[in-house]
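The following exercises introduce a protein structure step by step. Please examine the sequence and the structure before reading each solution.

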Amino acid sequence: MWFKKRRILTYFVLALFVYLSMRLTEFDLSKFKDFRNMIDFLSHWFPMDFSLLPKILEDSLETLAMAFLGSFFGLIIGLPLSFMAAKNTSGSKLIYHLTRVGLSFVRSIPEIVFGLILLTALGLGPFPAVLAIMFHNIGVLGKLISELIEASDPGPQEAMKAVGAKSWFASLFSILPQIWPNVLSNYFYRFEVAIRTSLILGFIGGGGIGQRLFNDFKTFQYSSVSLDVLVIMIIVVLVDLFGSYVRNRVI
């Protein structure tokens with residue numbers, strides 16, 4: 001009887017949250033009555049202007065480079081920090097809590113905020129965007145990998161310590177092989193996210209295909225916009241397929 005009442009209460013609270021959220025966000029399906037305007041707008045996207053494809057591909061490579069560098073440097077810096085942020089490898093409660101707080105602080109700041117700050121300080125271009133992606137990924141990957149470390153099997157680590165291996169050596173070579181496939185999985189996911197983030201950073205002057213997409217939209221070059229969107233979709237799909245291939249090879 002109590003379980004049934006509790007379930008009814010849960011459904012009521014959930015329905016209340018949905019209702020309040022819809023009111024706050026002005027969620028109104030009746031607005032789709034003007035759907036013809038959207039169809040008319042999208043009709044201007046075709047046919048695509050393939051004459052701009054070489055320049056779009058050049059900007060796409062810049063976007064890929066931004067996403068790759070930002071996520072790669074985020075992994076390189078976040079990986080050692082994750083060992084400091086894991087209870088079973090930090091070696092000190094003070095280091096553990098300080099690293100956790102630091103990662104949480106960095107993770108709580110969106111890339112676009114980092115981008116606005118860095119673009120103001122360093123000027124327009126892809127370099128500030130790379131740093132913005134890197135800083136946020138340090139926090140995210142550091143947190144994710146630290147949880148993998150804490151969930152790893154302690155047996156190999158204890159065995160290496162029993163034969164005289166130093167604590168850091170045992171932590172590195174007994175835990176990292178266990179979690180490496182999941183580390184790669186998290187990295188490629190963050191790489192995909194970084195591609196989409198670099199598009200947003202392009203809107204504020206970060207370069208790449210995001211900046212081209214924003215400029216094409218502002219100048220009503222919709223035939224170019226459709227090609228920009230198509231190239232972005234292809235890039236994300238290819239990165240996902242490549243990430244799956246690498247994970248399968250590692251596992």
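**Exercises on a predicted model**

The structure is a predicted model. Its residues 226-246 are 100% helix and 0% strand, with end C-alpha atoms 30 Å apart.

**Exercise 1.** State where UniProt places the feature "transmembrane region", and describe residues 64-86.

*Solution.* The unreviewed UniProt entry places this feature at residues 64-86, 112-135, 193-214 and 226-246. In residues 64-86, helix accounts for 91% of the span and strand for 0%. The end C-alpha atoms of residues 64-86 lie 31 Å apart.

**Exercise 2.** Determine whether the length of helix H5 (residues 111-122) agrees with the expected span, and examine how its buried residues are arranged.

*Solution.* Step one: helix H5 has twelve residues, so at 1.5 Å a residue the expected span is 16 Å. Its end C-alpha atoms are 15 Å apart, which agrees.
Step two: the buried residues of H5 are Glu111, Phe114, Gly115, Leu118 and Leu119. Viewed down the axis of H5, these buried residues fall within an arc of 125°, so they line one face of the helix. An α-helix has 3.6 residues a turn, so residues three or four places apart point the same way.
Step three: the face of H5 turned away from the buried side carries the exposed residues Ile117, Thr120 and Ala121. Just after H5, Gly123 has a positive phi of about 95°.

**Exercise 3.** Classify Val13 as buried, partly exposed or exposed, and identify its surface patch.

*Solution.* Val13 is found in helix H1 (residues 2-24). Its relative accessibility is 33%, so Val13 counts as partly exposed; the partly exposed class lies between under 20% for buried and over 50% for exposed. Val13 belongs to a nonpolar surface patch with Leu9, Phe12, Leu16, Phe17, Tyr19 and Leu20. Together, the residues of this patch have about 680 Å² of accessible area.

Definitions and conventions. Residues numbered from 1 in each chain as written. Predicted model: local features only at pLDDT ≥ 70, side-chain atom pairs only at ≥ 80, totals over all residues. Heavy atoms only, no water. UniProt positions renumbered as here; feature names shortened; annotations may be inferred. Helix = DSSP H or I, 4+ residues; strand = E, 2+ residues; numbered from the N terminus. Patch = residues over 30% accessible without salt bridge, like charges linked within 9 Å, V, L, I, M, F, W, Y side chains within 5 Å. Areas by Shrake-Rupley, 256 points an atom, 1.4 Å probe, with all protein chains shown as cover. Salt bridge = Lys/Arg side-chain N within 4 Å of Asp/Glu carboxyl O. Buried < 20%, exposed > 50% of the residue type's maximum accessible area, 1.4 Å probe, protein only. Expected span 1.5 Å × (residues − 1). Arc of directions from axis to C-beta.
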